[in-house]
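Work through these exercises with the structure open beside you. Try each task before reading its solution.

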Amino acid sequence: MAGSQYRSGVPDNWFVDPVHLGVPGVRRDVDVVEDNPLSWQSDALCAQTDPEAFFPEKGGSTRDAKRICTSCDVRDACLEYALQNDERFGIWGGLSERERRKLKRRAS
Ligand code: SF4
(Lines give C-alpha, C1' and ligand atoms only; values in the text may rest on other atoms or scores of the structure.)
Protein backbone atom coordinates (compact mmCIF):
# COMPACT_ATOMS: atom_id res chain seq x y z
CA MET A 1 0.00 0.00 0.00
CA ALA A 2 1.61 3.23 -1.08
CA GLY A 3 1.07 5.91 1.53
CA SER A 4 1.36 8.78 -0.90
CA GLN A 5 -1.98 8.10 -2.52
CA TYR A 6 -3.79 8.61 0.78
CA ARG A 7 -4.37 11.57 2.98
CA SER A 8 -1.49 12.34 5.29
CA GLY A 9 -3.49 11.14 8.32
CA VAL A 10 -3.09 7.53 7.21
CA PRO A 11 0.31 6.28 8.39
CA ASP A 12 2.57 4.81 5.73
CA ASN A 13 3.19 1.77 7.89
CA TRP A 14 -0.43 1.16 8.77
CA PHE A 15 -0.36 -2.28 7.22
CA VAL A 16 2.28 -4.87 6.61
CA ASP A 17 2.53 -5.82 2.97
CA PRO A 18 0.26 -8.89 2.71
CA VAL A 19 2.80 -10.50 0.40
CA HIS A 20 5.08 -10.90 3.43
CA LEU A 21 2.33 -12.53 5.42
CA GLY A 22 0.89 -14.78 2.76
CA VAL A 23 -2.62 -15.17 1.48
CA PRO A 24 -5.04 -16.34 4.19
CA GLY A 25 -5.49 -20.10 3.93
CA VAL A 26 -2.47 -20.45 1.64
CA ARG A 27 0.29 -19.44 3.99
CA ARG A 28 3.48 -21.32 3.35
CA ASP A 29 5.95 -19.79 5.78
CA VAL A 30 4.28 -20.40 9.14
CA ASP A 31 7.33 -19.19 11.12
CA VAL A 32 7.25 -15.79 9.45
CA VAL A 33 3.55 -15.41 10.22
CA GLU A 34 3.83 -16.59 13.83
CA ASP A 35 6.83 -14.37 14.56
CA ASN A 36 5.22 -11.27 13.16
CA PRO A 37 3.17 -9.32 15.72
CA LEU A 38 1.16 -7.91 12.83
CA SER A 39 0.31 -11.24 11.19
CA TRP A 40 -3.36 -10.77 12.10
CA GLN A 41 -3.46 -7.95 9.56
CA SER A 42 -3.54 -10.47 6.74
CA ASP A 43 -7.16 -11.13 7.76
CA ALA A 44 -8.05 -7.51 8.42
CA LEU A 45 -11.23 -6.38 6.72
CA CYS A 46 -10.07 -2.78 6.59
CA ALA A 47 -7.18 -3.80 4.34
CA GLN A 48 -9.82 -4.32 1.67
CA THR A 49 -11.45 -0.95 2.18
CA ASP A 50 -10.67 2.73 2.10
CA PRO A 51 -8.10 3.46 4.85
CA GLU A 52 -9.26 7.05 5.12
CA ALA A 53 -12.39 5.85 6.90
CA PHE A 54 -10.15 4.54 9.68
CA PHE A 55 -8.19 7.76 10.05
CA PRO A 56 -10.83 10.48 9.80
CA GLU A 57 -10.03 14.14 10.18
CA LYS A 58 -10.59 15.54 13.65
CA GLY A 59 -14.34 15.57 14.27
CA GLY A 60 -14.98 13.34 11.25
CA SER A 61 -17.29 10.37 11.33
CA THR A 62 -16.00 7.01 12.55
CA ARG A 63 -19.27 5.23 11.87
CA ASP A 64 -18.29 3.54 8.61
CA ALA A 65 -15.02 2.25 10.00
CA LYS A 66 -16.65 0.94 13.17
CA ARG A 67 -19.30 -0.82 11.14
CA ILE A 68 -16.60 -2.65 9.19
CA CYS A 69 -14.85 -3.61 12.44
CA THR A 70 -17.98 -5.34 13.75
CA SER A 71 -17.61 -7.95 10.98
CA CYS A 72 -13.86 -8.32 11.20
CA ASP A 73 -12.47 -11.70 12.32
CA VAL A 74 -9.34 -10.19 13.84
CA ARG A 75 -11.03 -7.48 15.86
CA ASP A 76 -9.74 -8.73 19.22
CA ALA A 77 -6.16 -9.06 17.97
CA CYS A 78 -6.36 -5.62 16.41
CA LEU A 79 -7.59 -3.98 19.59
CA GLU A 80 -5.05 -5.81 21.72
CA TYR A 81 -2.24 -4.71 19.41
CA ALA A 82 -3.41 -1.09 19.50
CA LEU A 83 -3.62 -1.09 23.29
CA GLN A 84 -0.23 -2.74 23.75
CA ASN A 85 1.44 -0.42 21.27
CA ASP A 86 -0.34 2.71 22.39
CA GLU A 87 -1.67 3.48 18.93
CA ARG A 88 -2.82 7.06 19.18
CA PHE A 89 -4.53 7.62 15.88
CA GLY A 90 -7.31 5.96 13.98
CA ILE A 91 -9.84 3.25 14.58
CA TRP A 92 -8.42 -0.03 15.85
CA GLY A 93 -10.53 -2.99 16.94
CA GLY A 94 -13.67 -0.94 16.48
CA LEU A 95 -12.65 1.70 18.99
CA SER A 96 -11.60 5.29 18.50
CA GLU A 97 -8.56 6.81 20.13
CA ARG A 98 -10.72 8.26 22.90
CA GLU A 99 -12.53 4.97 23.49
CA ARG A 100 -9.21 3.11 23.73
CA ARG A 101 -7.92 5.61 26.27
CA LYS A 102 -11.08 5.13 28.35
CA LEU A 103 -10.70 1.36 28.17
CA LYS A 104 -7.09 1.60 29.33
CA ARG A 105 -8.02 3.82 32.24
CA ARG A 106 -10.75 1.42 33.34
CA ALA A 107 -8.34 -1.52 33.13
CA SER A 108 -5.66 0.15 35.27
S1 SF4 B 1 -11.00 -4.59 13.73
FE2 SF4 B 1 -11.33 -2.89 12.31
S3 SF4 B 1 -9.42 -1.73 12.32
FE4 SF4 B 1 -8.99 -3.75 13.20
S5 SF4 B 1 -8.30 -5.02 11.51
FE6 SF4 B 1 -10.49 -5.31 11.69
S7 SF4 B 1 -11.45 -3.86 10.31
FE8 SF4 B 1 -9.31 -3.21 10.64
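A nonpolar core is a set of buried Ala, Val, Leu, Ile, Met, Phe, Trp, Tyr and Cys residues joined through C-beta atoms within 7 Å. Keep in mind that this is a predicted model.

**Exercise 1.** Describe the fold of the protein in terms of helices and strands.

Solution. Start by counting: there are five helices and zero strands. Next, read along the sequence: the pattern is α-α-α-α-α. Then turn to burial: of the 108 residues, 22% are buried. Last, look at contacts between residues at least 6 apart in sequence: 44% of these join residues at least 24 apart.

**Exercise 2.** Find the residues of the largest nonpolar core that touch the most other members.

Solution. The core has 14 residues. Ala44, Phe54, Ala65, Cys78, Ile91 and Trp92 touch the most other members. Now place the core on the helices: α3 (63–69) and α4 (75–84) each supply at least two residues. The largest share is from α3, with three residues. As background, nonpolar side chains tend to be buried together in soluble globular proteins.

**Exercise 3.** Which residues does Cys78 contact, leaving aside its neighbours within four places in sequence?

Solution. Set those neighbours aside first. What remains is Trp40, Ala44, Trp92 and Gly93.

**Exercise 4.** Describe the shell around the ligand: its residues, elements and chemistry.

Solution. First, the residues: 14 surround the ligand, and the closest are Ala44, Cys46, Cys69, Cys72 and Cys78. Second, the elements: α3 and α4 are the ones giving two or more residues to this shell. Third, the chemistry: 11 shell residues are nonpolar, two are polar and one is charged.

Key:
Residues numbered from 1 in each chain as written. Predicted model: local features only at pLDDT ≥ 70, side-chain atom pairs only at ≥ 80, totals over all residues. Helix = DSSP H or I, 4+ residues; strand = E, 2+ residues; numbered from the N terminus. Buried ≥ 20, exposed ≤ 12 C-beta atoms within 10 Å, placed from the backbone. Contact = placed C-beta atoms within 7 Å. Near = placed C-beta within 6 Å. Nonpolar A, V, L, I, M, F, W, Y, C, P; charged D, E, K, R; others polar.
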